[in-house]
Amino acid sequence: MSDVQVFPDNNSVALPHIKPLRLEDIPILNNENCKIKDRQRVEKTLNEFVAGGHERLQVVSDFDYTITKQRTANGTSVPSSFNIFEECKSLPVNFVKEARELHDTYRPIEVNPHIPLEEKAQAMIEWWTKSGKNLMGFAFDLNEIDEITKKYAHSVRNNTQELFWYLNELNIPVLVFSAGLGNCVIAMLRQAGILYPNVKVISNFLQFKDGMLNGFQEPIIHTFNKNETMLEGSDYYDLVHNRDHILLMGDTLADSGMADGVPASSHVIKIGFLFHHVQENMEQYMNTFDIVLVDDQTMDVPLTLLKLIKGDPLSCD
């Protein structure tokens, strides 16, 4: 963004950093919708993050329903990056029909808490393979994506702009790992004003051949294969492999594996945003994520953790 945004801290109480942080003293981590199974472990890891400072931190995040909300204030659902793409007016009717049929077939499998992960992974491979074949043989102007995403810039979680502003100011690398459509992800990040130089997107991008759409670029990213092993040998891997403190954010159980491939000595705090099938999913999410946020459409918890790591005083909110 061209204009500098300033996000001042309000209502702060000085916190002596010679004393370790206690979760009970961090109000937002004691809210009813914030669930922490192993409070001792989270407290220990958070204090390691604080002691290490922001220079050792990296952020790994899903996009759809993690950076974006799972619902709006009036209860309506937020479209995924693929759903946004399907709103482009120049797309053939048959493509949109097939895409929505695939979504209606495979999305329930992705979020069903009773289907084994192996079965889900196979279903996701089928979904993305069929979607790629559906994306062939017609012309498309990428500028249309920018026009469509303008109306969805508000769909990011509350305080996302403040979180990403701080991350950029502190030069903390942010990896956005998305099994969605990367062209829409980047357009959405740009429209929301959070596509800073420290942000890298790994996702599925449209491929063209002879001026016509030709599926996705390789490799295909789906819900169950996105992790940092895919970065080995890249410039981004060289940038972050020494940053052994990782804040991970996702909305599906599979997102918890996005930090797989980092050194075993790394410390990770995993935040899971839970919205669908809350009661059925709660036990699995509690066993998988360090912090589970139930129907929380904000970035308040990650922002609070970042400020503590940065060394800011503890907010009394």
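Is Asn 171 buried or exposed? In this predicted model, Asn 171 is exposed, with a relative accessible area of 54%, and because the label applies to values over 50%, the assignment follows directly from that figure. The residue sits in the loop between α6 and β4 (174–181), where Asn 171 adopts a positive phi of about 60 degrees although it is not a glycine. Most residues other than glycine have a negative phi, and most peptide bonds are trans.

Two further departures from these general tendencies were found in loops. His 277, placed in the loop between β9 (267–274) and α9 (278–288), likewise has a positive phi, near 50 degrees, in a residue other than glycine; with a relative accessibility of 38%, His 277 counts as partly exposed. The other concerns the peptide bond between Glu 218 and Pro 219, which is cis, with omega at about -5 degrees. Pro 219 belongs to the loop between β7 (212–216) and α8 (235–240).

Charged side chains were examined next, and a search of the whole structure returned 15 salt bridges. One of these links Glu 87 to Lys 151, with the closest N and O atoms 3.0 Å apart. Glu 87 lies in the loop between α2 (81–85) and α3 (93–111), whereas Lys 151 lies in the loop between α5 (143–149) and α6 (160–169), so the pair ties together parts that are 64 residues apart in sequence. Both partners are partly exposed, the relative accessible area being 21% for Glu 87 and 47% for Lys 151. The value for Glu 87 is 21%, and Glu 87 is therefore not classed as buried, because that class requires a value under 20%.

A salt bridge within a single helix is provided by Arg 107 and Glu 110, whose side chains meet at 2.8 Å, N to O. Both residues lie in helix α3, 3 residues apart, which corresponds to about one turn of the helix, and both Arg 107 and Glu 110 are buried. Elsewhere, salt bridges that share partners join Arg 22, Glu 24 and Asp 25 into one network. Within this group, the side chains of Arg 22 and Asp 25 meet in a salt bridge of 2.8 Å, N to O. Arg 22 is partly exposed at 40% relative accessibility, and Asp 25 is also partly exposed, with a relative accessible area of 34%.

The nonpolar interior was then considered. In soluble globular proteins, nonpolar side chains tend to be buried together. The largest nonpolar core comprises 75 residues, of which Leu 29, Phe 85 and Ile 291 touch the most other members. Helix α10 (residues 300–310) gives the most to this core, contributing 6 residues. The surroundings of Phe 85 can be described in detail: when residues up to four places away in sequence are not counted, Phe 85 touches Leu 91, Phe 95, Leu 135, Phe 140, Ile 145, Leu 181, Cys 184 and Leu 206. Apart from the largest core lies another core, of 21 residues, among them Val 60, Leu 248, Met 258 and Val 292.

Methods
Residues are numbered from 1 along each chain as its sequence is written. This is a predicted model: local features need pLDDT of at least 70, side-chain atom pairs count only at pLDDT 80 or more; totals for chains, interfaces and linings use all residues. Side-chain values use heavy atoms; hydrogens and water are left out. A salt bridge is a side-chain nitrogen of Lys or Arg within 4 Å of a carboxyl oxygen of Asp or Glu. Buried means under 20% relative accessible area, exposed over 50%, partly exposed in between (1.4 Å probe, protein chains only). Helices (H or I, at least four residues) and strands (E, at least two) are DSSP runs, numbered from the N terminus. A nonpolar core is a set of buried Ala, Val, Leu, Ile, Met, Phe, Trp, Tyr and Cys residues joined through side-chain atoms within 4.5 Å. Contact means heavy atoms within 4.5 Å.
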